[in-house]
Amino acid sequence: MSTHPFPKGFYWGTATSAYQIEGAWNEDGKGLSIWDTYAHTPGKIKNGDTGDVANDHYHRYKEDVKLMKDLGATAYRFSICWPRIFPEGTGQPNAKGLDFYSRLVDELKAAGIEPFATLYHWDLPQTLQEVNKGWQSRDTAKAFGDYAGYMAEKLSDRVHHFFTINEFRSFIDGGYCGTDVRVGDGVIRLEAAPGQKLAPGDLNQVRHHAVLAHGMAVQAIRAKGRKGTKVGPAENIHTAVPLIETPEHVKAAQTATREANAPYLTVMLEGKYTDAYLKEAGKDAPKFTDEDLKVIASPLDFVGINVYMPAFYALASDQASGWREAPFARSHPNMFNSWLTLGPEVLYWAPQFVQSLWNAKEIFITENGCASDDVLADDGKIYDTDRIMFLRACLAQLQRATGDRVPVKGYFQWSTMDNFEWIFGFGNRFGLVYVDFKTQKRTPKLSAAWFREAAARNAVV
Ligand code: PNW
């Protein structure tokens with residue numbers, strides 16, 4: 001028996017996203033998304049992989065729900081492909097697209113798994129890219145709000161939690177400028193659809209439109225969803241982690257975290273851009289009105305955060321900011337997917353700072369996980385010891401957070417099963433379940449058995 005298990009009713013979930021698993025890219029009236037276009041552009045994705053078929057989940061969702069039940073999962077975070085619902089982004093809805101998600105939700109409910117729906121996991125309708133230049137236009141934010149309201153109207157009889165947008169930072173920085181991430185003592189460049197490179201002022205405007213879209217969606221869900229429907233973002237918070245847990249270093253890391261999220265979580269939760277952000281952006285600062293800020297900061301029911309690693313380690317300093325960054329040691333370990341710097345204590349500090357900075361009522365860890373070099377052993381099993389080590393270390397830190405009364409209500413492991421890992425194609429396997437993409441055969445890994453036990457015990461330490 002654990003002396004401090006997770007709280008009663010804690011959700012043990014796994015997560016996926018539409019483009020990464022569904023396939024059926026041109027079926028049942030679905031419109032094109034920017035990821036269809038991007039993946040079909042030669043040279044963009046490793047090995048020329050695409051999400052055309054992916055895990056064929058669109059046709060195999062029943063089998064996949066059964067797998068989740070076997071994992072002992074009590075919740076599932078999936079995303080809705082916007083152009084399946086509105087093929088052109090706005091206008092007439094496509095009944096067959098809606099029907100797919102409705103059937104999926106019914107299947108989950110029947111299996112005793114609570115559905116959590118993400119409205120935007122990066123697959124923007126291609127038409128909005130062409131007509132509006134994507135997120136460069138405010139009209140895209142407005143269209144997103146309308147689509148969010150429509151989904152709440154149709155699904156909130158059964159879906160009680162909606163996430164607006166997944167990882168603002170990743171899809172904006174990746175899609176509109178490219179992000180450099182540390183790998184050992186080098187860097188790699190992450191890119192995403194639509195694969196553009198904007199000037200700094202335009203980039204900040206895109207950021208502004210995305211948080212505005214989030215706020216518009218929150219308001220639309222309140223207007224069209226059933227009473228009691230809960231809504232929040234799913235953002236990959238940039239967390240500064242204290243290396244030394246004394247009050248001064250913790251304070252430094254907390255201050256650094258607030259500043260590192262200025263254009264995203266900080267403006268959503270405080271209703272203003274920080275002075276330092278506006279000052280540093282100077283003439284490239286986004287253009288906005290006071291009314292925009294009110295919409296962006298629409299009250300939330302919970303804050304969803306994707307937490308993989310520390311953005312950096314912080315130390316107290318006598319600089320004006322109060323903090324400085326400690327560079328990662330050259331030998332600091334990474335997981336198998338090259339950008340994942342190991343730092344499990346971020347699962348304690350990220351939710352802790354979300355509560356202490358912004359007084360969040362409820363917090364969900366909407367993603368956490370790692371890729372492994374999974375191979376089938378002679379006995380047909382997958383011994384992903386590194387994934388088990390990673391998940392145990394992260395969840396032990398999360399358990400420490402709930403033990404300290406940080407209001408974390410659930411955890412979603414990324415990912416239910418191996419899937420299309422964006423520019424890395426099918427090479428980076430994040431699943432608890434192994435997928436042979438030639439045959440679509442699913443095989444639970446050793447980590448699946450570990451997850452089931454942790455969920456059953458409601459504790460990892
Ligand atoms: C997330 N980083 O992306 C996404 O939400 C998922 O769709 C994705 O499959 C998963 O994490 C694993 O990559 C991230 O460089 C991409 O820090 C990059 C980073 C973090 C998350």
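Let me begin with a working rule: two rings of Phe, Tyr or Trp, taking the six-membered ring for Trp, count as a pair if their centres lie within 6.5 Å. Hi everyone, and thanks for having me. What we have on screen is a predicted model. By that ring rule, the count for this structure comes to 49 aromatic pairs.

Here is one of them. In Tyr-308 and Trp-339, the ring centres are 5.6 Å apart and the planes stand at 75°, so this pair is edge-to-face. Where do these two residues lie? Tyr-308 is in the loop between β9 (303-306) and β10 (312-316), while Trp-339 is in the loop between β11 (323-326) and α14 (346-358), so the pair ties together parts that are 31 residues apart in sequence. Both loops bring in a buried side chain: Tyr-308 has a relative accessible area of 9%, and Trp-339 has 13%. Please remember Tyr-308, as we'll meet this residue again at the ligand.

Aromatic residues also gather in a group. One cluster is formed by Tyr-19, Trp-35, Tyr-38, Trp-122, Phe-420, Trp-422, Phe-426 and Phe-437. Trp-422 from that list will also come back later.

Now, rings can have charges over them too. Arg-400 lies over the face of Tyr-348, at 3.7 Å from the ring centre. The charged end of Arg-77 sits over the ring of Phe-163, 5.3 Å from the centre of that ring.

Arg-77 takes us nicely to the salt bridges. Side chains of opposite charge can pair when their charged atoms come close. How many salt bridges does a search of the whole structure find? The answer is 24.

Arg-77 is in one of these, with Glu-367 as partner, at 3.1 Å from N to O. Glu-367 belongs to strand β12 (residues 363-367) and Arg-77 to strand β2 (residues 75-79), so this salt bridge ties together parts that are 290 residues apart in sequence. Are these two partners buried or exposed? Glu-367 and Arg-77 are both buried.

A second example is Asp-36 with Lys-30, where the closest N and O atoms are 2.7 Å apart. Asp-36 is buried, at 0% relative accessibility. Lys-30 is buried as well, with a relative accessible area of 12%.

A third joins Asp-157 and Arg-158, at 3.2 Å from N to O. Here Asp-157 is partly exposed, at 36% relative accessible area, whereas Arg-158 is buried, at 16%. Elsewhere, salt bridges with shared partners link Asp-374, Asp-384, Arg-387, Asp-418, Arg-429 and Lys-445 into one network.

On to the ligand. Which residues come nearest? There are 16 residues around the ligand, and Gln-20, His-121, Glu-367, Glu-421 and Trp-422 are the nearest of them. So here is Glu-367 once more, the salt-bridge partner of Arg-77, and Trp-422, a member of the aromatic cluster.

If you like polar contacts, there are some good ones to look at. His-121 has a polar side-chain atom 2.8 Å from an oxygen atom of the ligand. Glu-167 has a polar side-chain atom 3.1 Å from a ligand oxygen atom. And, as promised, Tyr-308 returns: an N or O atom in the side chain of Tyr-308 is 3.1 Å from an oxygen atom of the ligand.

What about cysteines? A disulfide is a covalent bond between the sulfur atoms of two cysteines. How many disulfides does the structure hold? Zero. Take Cys-394: the closest cysteine sulfur, in Cys-370, is 8.0 Å from the sulfur of Cys-394, which is too far for a bond. Cys-394 is also buried, with a relative accessible area of 0%. Another cysteine, Cys-81, is buried with a relative accessible area of 3%.

Two last stops, both in loops. Ser-298 is in the loop between α13 (290-296) and β9, and is buried at 4% relative accessible area. The side chain of Ser-298 makes a polar contact of 3.1 Å with the side chain of Gln-219.

Asn-94 is in the loop between α4 (82-85) and α5 (95-110), and counts as buried at 14% relative accessibility. How far apart in space are Asn-94 and Gly-31? They are 9.4 Å apart, C-alpha to C-alpha, and 63 residues apart in sequence.

That's my tour, and I'm happy to take questions.

Notes:
Residues are numbered from 1 along each chain as its sequence is written. This is a predicted model: local features need pLDDT of at least 70, side-chain atom pairs count only at pLDDT 80 or more; totals for chains, interfaces and linings use all residues. Side-chain values use heavy atoms; hydrogens and water are left out. A salt bridge is a side-chain nitrogen of Lys or Arg within 4 Å of a carboxyl oxygen of Asp or Glu. Buried means under 20% relative accessible area, exposed over 50%, partly exposed in between (1.4 Å probe, protein chains only). Helices (H or I, at least four residues) and strands (E, at least two) are DSSP runs, numbered from the N terminus. Rings of Phe, Tyr and Trp (its six-membered ring) pair if their centres lie within 6.5 Å; planes under 30 degrees apart count as stacked, over 60 as edge-to-face and the rest as tilted. A charge sits over a ring if NZ of Lys or CZ of Arg is within 6 Å of the ring centre and within 35 degrees of the ring normal. A disulfide is a pair of cysteine sulfur atoms within 2.5 Å. A residue is near a molecule or strand if one of its heavy atoms lies within 4 Å of it. A polar contact is a pair of N or O atoms within 3.5 Å; within protein, one must be able to donate a hydrogen and the other to accept it, and residues adjacent in sequence count only if both atoms are side-chain atoms.
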